[in-house]
Amino acid sequence: MQTYEQFLKERAQSDESLIVMTAENRAVIRNLPAELGPRFIDVGICEQTMIGAAAGLALRGRTPVTHALATFITMRAFEFVRTDVGIPGLPVTLVGGVPGFLSEANGPTHQALEDVAIMRGIPGMQVFCPADREELISGMQAVLDSRKPTYVRFAAPEPSVRHRGPFVIGKAETLSEGTDVTILVYGFLLGEAERARVALESRGISVRLVNVRTPKPIDEQAVVDAARETKLVVTLEDHFLTGGLYSIVAEVLLRHRRSARVLPIALDERWFKPALLADVLAYEGFTGAALAERIEKAFRE
Amino acid sequence: MSDAKVYSNDELRALSLAVREHIIRMSTDGGCFIGASLSCADLLVHLYTRVLRVSKETLNDPSRDYLLLSKGHDVPALYGTLAELGFIERSRLGAHLKTHDSVYWHPNRAVPGIEFHSGSLGHLLSVGIGVALDIRLRSGKNRVFVVVGDGECNEGSMWEAMLVANAQALDNLVVVVDRNQFQANIRTEELVPLEPLDQKLAAFGFAVTVIDGHDFDSLNSAFASLPHVRGKPTAIIAETVRGKGLPSIEARADRWFVNFTHSEVESLLAELHGTAKAELTSETLMVR
């Protein structure tokens, strides 16, 4: 399986318009300067200038893929994203590193827990939340082919599920059919959700596991089907309760005049305890086992 | 572009006068940011006639020069210039602020000749950096001119972008500061002093020249040969007067955004032509 860097390198070879940019965040693209030469642009710790310059490059026909930590690319540079990329709808990809729990022990300054909310608020902006490396690559292909402004909530762990079907923007992936509970999830938490599914199934609860992939555009049919065909809908995300998947599901159900029992699992008006990832998951109750308990309790209520 | 035609100073003065008339006519029925528009009118006329390699026919030519109007609220001067030089129909200026067209208080790309929208300060220097980077990647000879306001230099993103322009050694990039001495409603030196602005820009790695932004010979001396220093971005500080051409409002803090009556517009036009002093009673709106 390709790494993210290998993907960008090969894409750059076949697509002359591709430019890789970073605001001195080279963690996942450290070998690209030598490969891409002047088509790798590191502006230094200048997120606003990077986004403005990406808009200028896009104006000239380029498709810039920009990199910075998720908090800074979505928030420090927010108005540049909204105004210079969003208003003209330029094909700029914003790749946000260590979003959500993946910021581990950095503390609240680095906890992007509102990134999905604020990025989806920009007209025309797509939001792609890969679950793992395989999905990151297949999704990036679709994102770059779309030539639309897109926020990528970067995650690249090894896959913990077998993906099915081609990646289509706006189409969720149903990983298991079930009739009792639907778990809607995006990002790396898909792995924990899969563990929760196995645990719940062993306790006689039938689980539909849906990998949302692109919170925007959302797969409305998958949400409506979950509300109609299962007894409890769980929205699972390492994001604030406000504006993320829970809000998206609420909006979709309202639009379709449908009610449902929904259990949101998210961070309600608070940041999380900074620590190494495994410890964060345990402390915050987001391990597969803890999730299974929370979901079973809600289901049996 | 000026390939076909070489303009004399007298012709530029006549063009500037026409542009100022357009600006004054846009200062009613909703109004406009008249002060900053008048301060950069000569500058824009000079750039579009003697400097920029762009014309109505080459608006989509990748080898054209780019002008990015960063402060944005001075767009009546750009509308007027584009109309006088045939990029847009003069009649389109009559659609100012009307819903059937897109001739509003800040620049946007629905108006031919406008390369990028602006209005939020401190953006287009970074956009210009991106354009300049692409031109260099393609070994192009075209240049990028970013017109910024002096008040705009309050924005941190201006200085961040200057660091990057220097780091990238973008000598196809020219920053032009319309140094009219005013923020929105207060003198720059009274609120957030910029001086010594030339030394600040030089310290950020720019080749800096200070000129009289209303004198076409002075403008010529600055723009005739670019870049001023190979390997360095250029900064030209054009010293200007806010409200230039209308003594009643020149350099006045309270004539930033205005919405005059029709009779005030007529008296301002008379003042522009030196036949009478304008009688003004309309209050200035303090908006941003």
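Two strands are said to pair if DSSP finds at least two bridges between them, and this rule is used in the exercises below, which concern a predicted model.

**Exercise 1.** Determine which strands pair with strand 9 of chain A, and in which sense.

*Solution.* Begin with strand 8 of chain A, residues 181-185, which is joined to strand 9 by five bridges in the parallel sense. Within this pairing, Thr182(A) is found opposite Arg208(A) of strand 9. Turn next to strand 7 of chain A, residues 173-176, whose three bridges to strand 9 run in the antiparallel sense; here Thr174(A) has Val210(A) as its bridge partner. Finally, follow the chain between the parallel partners: strand 8, helix 8 (residues 190-202) and strand 9 of chain A together form a right-handed β-α-β unit.

**Exercise 2.** Decide whether the residues of strand 9 of chain A are buried or exposed, taking each face in turn.

*Solution.* A residue counts as buried if 20 or more other C-beta atoms lie within 10 Å of its own. On one side of strand 9 of chain A, Val207(A), Leu209(A) and Asn211(A) are buried, and on the other side Arg208(A) and Val210(A) are buried as well, so that both faces are covered. Counted along the strand, which spans residues 207-211, five of its five residues are buried.

**Exercise 3.** Describe the open sheet of six strands in chain A, and explain why strand 2 and strand 5 each have one side without a neighbour.

*Solution.* First write down the strand order, which is 2-1-3-4-6-5, with parallel pairing. Strand 2 (40-42) and strand 5 (126-128) of chain A stand at the edges of this sheet, and because each has a single partner strand, one side of each is left without a neighbour in the sheet. From one strand to the next, the twist averages 20°. As an example of the pairing, strand 3 (residues 63-69) and strand 4 (residues 93-97) of chain A share five bridges in the parallel sense, and in strand 4 the bridge partner of His67(A) is Val95(A).

**Exercise 4.** Work out how helix 3 and helix 5 of chain A are oriented towards each other, and which residues meet.

*Solution.* Start with the axes of helix 3 (residues 47-59) and helix 5 (residues 78-86) of chain A, which come within 9 Å and cross at roughly 5°. Angles under 35 degrees count as roughly parallel, and the two helices of chain A are therefore roughly parallel to each other. In the contact, Gln48(A), Ile51(A), Gly52(A), Ala54(A) and Ala55(A) of helix 3 meet Phe80(A), Val81(A), Asp84(A) and Val85(A) of helix 5. Sorted by class, this contact has six nonpolar, two polar and one charged residues.

Terms used
Residues numbered from 1 in each chain as written. Chains lettered and ligands numbered in written order. Predicted model: local features only at pLDDT ≥ 70, side-chain atom pairs only at ≥ 80, totals over all residues. Helix = DSSP H or I, 4+ residues; strand = E, 2+ residues; numbered from the N terminus. Axes fitted to C-alpha atoms, helices over the stretch in contact; angles between N-to-C directions. Buried ≥ 20, exposed ≤ 12 C-beta atoms within 10 Å, placed from the backbone. Right-handed = clockwise from strand over helix to strand, strands pointing away. Parallel < 35°, antiparallel > 145°, perpendicular 65-115°, else oblique. Contact = placed C-beta atoms within 7 Å. Nonpolar A, V, L, I, M, F, W, Y, C, P; charged D, E, K, R; others polar.
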